[in-house]
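Biologist: I'm new to this one. Can you walk me through it?
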Amino acid sequence: MTLSELKIFKQTGEKITCLTAYDASFAQLFDECGVDTILVGDSLGNVIQGGENTLSVTMEDMIYHTQSVAKGIQDSLLIADMPYQSYTNAEQTLVNAQRLINAGAQMVKFEGGREHKNSFEILQVNNIPVCGHLGLQPQSVIEMGGYKIQGKDEVGAKRIIDDALALEAWGVQVLVLECVPASLAKQISQMLSIPTIGIGAGVDCDGQVLVSYDMLGINTGYMPKFVKNFLKDNGDIKGAITAFISAIKIQEFPTDQHSY
Ligand code: KIV
């Protein structure tokens with residue numbers, strides 16, 4: 001899977017699948033089942049490290065898990081998250097993005113919009129592929145006052161739209177939209193020529209991502225409404241992954257029940 005193929009998916013309307021992975025074994029399974037993109041998410045702060053949020057995840061953690069996941073992958077596109085405070089200025093962003101690429105990532109992802117102009121631009125100049133992340137930004141959970149839907153009012157929606165347009169202009173090649181109204185995600189997906197990947201953002205995004213531990217029902221605590229347990233009715237882990245891929249490709253997931 002390449003970035004050009006993802007763009008073709010957008011043009012042809014084929015939906016993009018994405019799951020998070022943190023180790024080689026899960027990554028290999030997802031890759032063999034045909035998941036298009038694999039994200040080494042800083043959600044590892046929650047599901048691997050047991051933290052309340054993602055704020056304590058370090059660059060060293062991300063490099064270690066990216067190296068592990070890269071060993072399990074043959075075909076899927078590997079995206080790695082830049083952790084909290086690892087992209088506070090352009091120079092730091094470039095050094096840390098290069099470290100993730102050297103660890104095996106093909107693209108780096110970081111949260112936020114126009115406030116990171118210099119970081120987006122330096123990665124564009126240095127040909128490092130970037131995935132943006134707008135809407136709910138878990139690294140800003142304290143400022144956002146909790147894990148809440150974003151872009152519900154006109155001002156909030158306009159901010160996300162303007163950020164999305166700026167990111168595309170600064171060379172971002174994929175955009176994750178988290179926890180925004182389905183109608184807003186649809187509007188943004190139609191406006192952009194780069195693919196959007198939604199999580200809690202409705203069926204009209206160009207692709208869908210879930211935290212793998214959530215879609216396998218490994219987490220037993222609070223589950224946001226956009227999560228679906230695909231293991232429950234599909235036998236084993238391979239069955240769950242195959243059902244996840246197929247539900248996204250035929251646009252049976254997410255339903256209204258999983259959207260805002
Ligand atoms: O860290 C993560 O797993 C993510 C996804 C939820 C998009 O950023």
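Modeller: We can go through pockets, then the cavity, then salt bridges. Keep in mind that this is a predicted model.

Biologist: Okay, pockets. What volume does the largest pocket have?
Modeller: About 820 Å³. The lining is made up of 37 residues, and the closest to the centre are Asn46, Glu178, Val211, Asp214 and Pro224.

Biologist: Which strands and helices supply at least two residues of that lining?
Modeller: Strands 1, 3, 4, 5, 6 and 7 each do, and so does helix 3 (44-47). Strand 1 spans 16-20, for one, and strand 7 spans 196-199.

Biologist: How do the lining residues of the largest pocket divide into nonpolar, polar and charged?
Modeller: There are 20 nonpolar, 10 polar and seven charged.

Biologist: And the second largest pocket, how much space lies in there?
Modeller: About 210 Å³. Its lining includes Tyr84, Tyr87, Glu111, His116 and Glu143. By class, the lining of the second largest pocket has two nonpolar, six polar and three charged residues.

Biologist: Switching topic. How many cavities of 30 Å³ or more are there?
Modeller: One cavity. The volume of the largest cavity is about 30 Å³. Of its 13 lining residues, Ile199, Gly200, Gln208, Phe226 and Pro254 are the closest to the centre.

Biologist: Which element gives the largest share of the cavity lining?
Modeller: Strand 8, with three residues. Strand 7 and strand 8 (207-210) are the elements that give two or more.

Biologist: How many charged residues does the lining of the largest cavity have?
Modeller: No charged residues. The lining has seven nonpolar and six polar ones.

Biologist: Now salt bridges. How many does the structure hold?
Modeller: Eight. In one of them, Arg99 pairs with Glu60, with the closest N and O atoms 2.9 Å apart. Arg99 is in helix 5 and Glu60 is in helix 4, so the bridge ties together parts that are 39 residues apart in sequence.

Biologist: Is Arg99 buried or exposed?
Modeller: In between. Arg99 has 31% relative accessibility, so it counts as partly exposed. Glu60 is also partly exposed, at 49%.

Biologist: Which salt bridges have both partners in one helix?
Modeller: Glu121 and Lys117 are one such pair, at 3.2 Å from N to O. Both lie in helix 6, four residues apart, about one turn of the helix. Asp162 and Lys158 meet at 2.5 Å. They both lie in helix 7, again four residues apart.

Biologist: Which residues are linked in a network of salt bridges?
Modeller: Glu14, Asp36 and Lys249.

Terms used
Residues are numbered from 1 along each chain as its sequence is written. This is a predicted model: local features need pLDDT of at least 70, side-chain atom pairs count only at pLDDT 80 or more; totals for chains, interfaces and linings use all residues. Side-chain values use heavy atoms; hydrogens and water are left out. On a 1 Å grid over the protein atoms alone, a cavity is a set of points where a 1.4 Å probe fits but cannot get out, and a pocket is an open set with protein on both sides within 12 Å along at least five of seven lines; lining residues have an atom within 4 Å of a point. Grid points are joined across faces, edges and corners, and a volume is the space filled by probe spheres set on the points. Ala, Val, Leu, Ile, Met, Phe, Trp, Tyr, Cys and Pro count as nonpolar, Asp, Glu, Lys and Arg as charged, and the others, Gly among them, as polar. A salt bridge is a side-chain nitrogen of Lys or Arg within 4 Å of a carboxyl oxygen of Asp or Glu. Buried means under 20% relative accessible area, exposed over 50%, partly exposed in between (1.4 Å probe, protein chains only).
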